[in-house]
Amino acid sequence: REAWVRVRERDKIPNVPCHFFFRSPVSMAMRQTPLTCSGHTRPVVDLAFSGITPYGYFLISACKDGKPMLRQGDTGDWIGTFLGHKGAVWGATLNKEATKAATAAADFTAKVWDAITGDEVLTLAHKHIVKSVNFTQDSNCLLTGGNDKVLRIYDLSKPEAEPQEIAGHTTAIKKALWCNNDQQILSAAEDKTIRLWDKNTKEAVKTLSFDASVSSMEYIPDGEILVITYGRTIAFYKAHSLDLIKTVDAPASIHSASLHPEKDFFVAGGDDFKLYKYDYTTREEMESYKGHFGPIHCLRFSPDGELYASGSEDGTLRLWQTAVGKTYGLWKCVLPEELSSENSEVLYCPPAEIKA
């Protein structure tokens, strides 16, 4: 078994906070500057947060370099790299407790890992490239999907047992997620459809067809909302029925979008390297800014909604503050009375790059 790489050398990984200095209490606009998490050597194509645990929350990233990484979610501090895949890793996820991780790869396998020790627990062989992995809420089952067009459900307590299989898509499956208390499954494929499946009957309950391939899919359990992107469109559906709620058109082709836990706004990113923030109720663009040096492939809000993470073709992850200027993680807001000089100008010190 290959060694688990786990290093916490804080003296070698500078954690310089982001400071905002105010000359006066007068409100002024502050520039959004992210924490940049480097370490990957090829495009970052997927990311996922754990739930909030007694030790905070965690972030896992999937990359074409074949080396998924685990980080502290609120700071981007690198914790470790899961070593074992022999091809690009297309999908990665953590269970709520951040005790288990799963990855989907081009080496025709999905792997389950102990997220605490970094040990490989299971290798699940497939017939083609695996693109998506997702745990049930109790972490006992794993859902996979990929280029062989078949959904598979693995009982992790019975690793030798054959998985349940659900067929119906006519092309590669890009994303598969549990929904409705793990009684239903949502899947998106390159056949330009999203399908809602009944877990027990293995039959499709409803199918949505689009004029372009779906590029991303996010399921929000609180409110049963499905967020999808295709072409320049960000669309919101009722997850249990696939009834349309609303759509928003962006200026460029969008690869990923994420809805804030409070459902007051959402973010999106894609081909033009920019991040867009929209009001969920009015659908109006609130702001936009260049986010990366390449197309943005994945976006997700943290479980507490205080930040969102983006992954890009440029090989980096970036963490962005939801409320710019708020003290959180490595960002720090310094009040006027804390300054040594009353005549200090407005200064901004960007956060350090977090390296693996």
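**A walk through an all-strand model**

Let us start at one small spot: leaving aside residues up to four places away in sequence, E284 touches K277, Y278 and D279. This residue belongs to the loop that joins strand 26 (274-279) to strand 27 (285-290). E284 counts as exposed because its relative accessibility is 53%, and the cut-off for that class is over 50%. Looking a little further back along the chain, F265 is 19 residues from E284 in sequence, and the two C-alpha atoms are 9.5 Å apart in space. Please keep in mind throughout that you are looking at a predicted model.

Now step back to the whole. The protein has 32 strands and zero helices, so the numbered elements we meet on this tour are strands, as DSSP runs counted from the N terminus. Its 356 residues include 57% that count as buried. The accessible surface comes to about 15,300 Å², and carbon and sulfur atoms hold 50% of that area. Contacts across the sequence are also worth a look: among those in the protein with a separation of 6 or more, 47% are between residues 24 or more positions apart.

What about the cysteines? Two of them to find in the viewer are C141 and C179. C141 is buried, since its relative accessible area is 18% and the limit for buried is under 20%. C179 is buried too, with a relative accessible area of 1%. As for disulfides, the structure holds zero.

Next, the pockets. The largest has a volume of about 1,100 Å³. Its lining is made up of 42 residues, and those closest to the pocket centre are F49, K96, N134, Y219 and P221. Which elements give two or more residues to this lining? They are strand 4 (44-49), strand 8 (89-94), strand 12 (130-135), strand 16 (173-179), strand 20 (214-220), strand 24 (254-259) and strand 28 (296-301). Strand 12 gives the most, with five residues. Sorted by class, the lining has 18 nonpolar, 14 polar and 10 charged residues.

The second largest pocket holds about 540 Å³ of space. Here 25 residues form the lining, and V45, K174, S215, H255 and H297 lie nearest the centre. Two or more lining residues come from each of strand 4, strand 16, strand 20, strand 24 and strand 28. If you have just coloured the strands around the largest pocket, you can leave the colours on, as strand 4, strand 16, strand 20, strand 24 and strand 28 are also among the elements listed there. In the second largest pocket, however, strand 20 supplies the largest share of the lining, with four residues. The classes in this second lining come to nine nonpolar, eight polar and eight charged residues.

From the pockets we can turn to the backbone. Most residues other than glycine have a negative phi. With that in mind, where does F108 sit? F108 is in the loop between strand 9 (100-105) and strand 10 (109-114), and its phi is positive, at about 70°, although F108 is not a glycine. F108 counts as partly exposed because its relative accessibility is 34%, a value in between the limits of 20% and 50%. K263 is another residue other than glycine with a positive phi, in this case near 60°. You will find K263 in the loop between strand 24 and strand 25 (265-270).

Two threonines make good last stops. Is T201 buried, partly exposed or exposed? With a relative accessible area of 48%, T201 is partly exposed. T201 lies in the loop between strand 18 (193-198) and strand 19 (204-209). Along the chain, I166 is 35 residues from T201, while their C-alpha atoms are separated by 9.5 Å.

T81, by contrast, has its place in a strand, namely strand 7 (residues 78-81). T81 counts as buried because its relative accessibility is 6%, and the class takes in values under 20%. To place T81 against another part of the chain, look for G66: the two are 15 residues apart in sequence and 10.0 Å apart in space, taken from C-alpha to C-alpha.

Conventions:
Residues are numbered from 1 along each chain as its sequence is written. This is a predicted model: local features need pLDDT of at least 70, side-chain atom pairs count only at pLDDT 80 or more; totals for chains, interfaces and linings use all residues. Side-chain values use heavy atoms; hydrogens and water are left out. A disulfide is a pair of cysteine sulfur atoms within 2.5 Å. Buried means under 20% relative accessible area, exposed over 50%, partly exposed in between (1.4 Å probe, protein chains only). Contact means heavy atoms within 4.5 Å. Accessible areas come from the Shrake-Rupley method with a 1.4 Å probe; for residues, only the protein chains shown count as cover. On a 1 Å grid over the protein atoms alone, a cavity is a set of points where a 1.4 Å probe fits but cannot get out, and a pocket is an open set with protein on both sides within 12 Å along at least five of seven lines; lining residues have an atom within 4 Å of a point. Grid points are joined across faces, edges and corners, and a volume is the space filled by probe spheres set on the points. Ala, Val, Leu, Ile, Met, Phe, Trp, Tyr, Cys and Pro count as nonpolar, Asp, Glu, Lys and Arg as charged, and the others, Gly among them, as polar.
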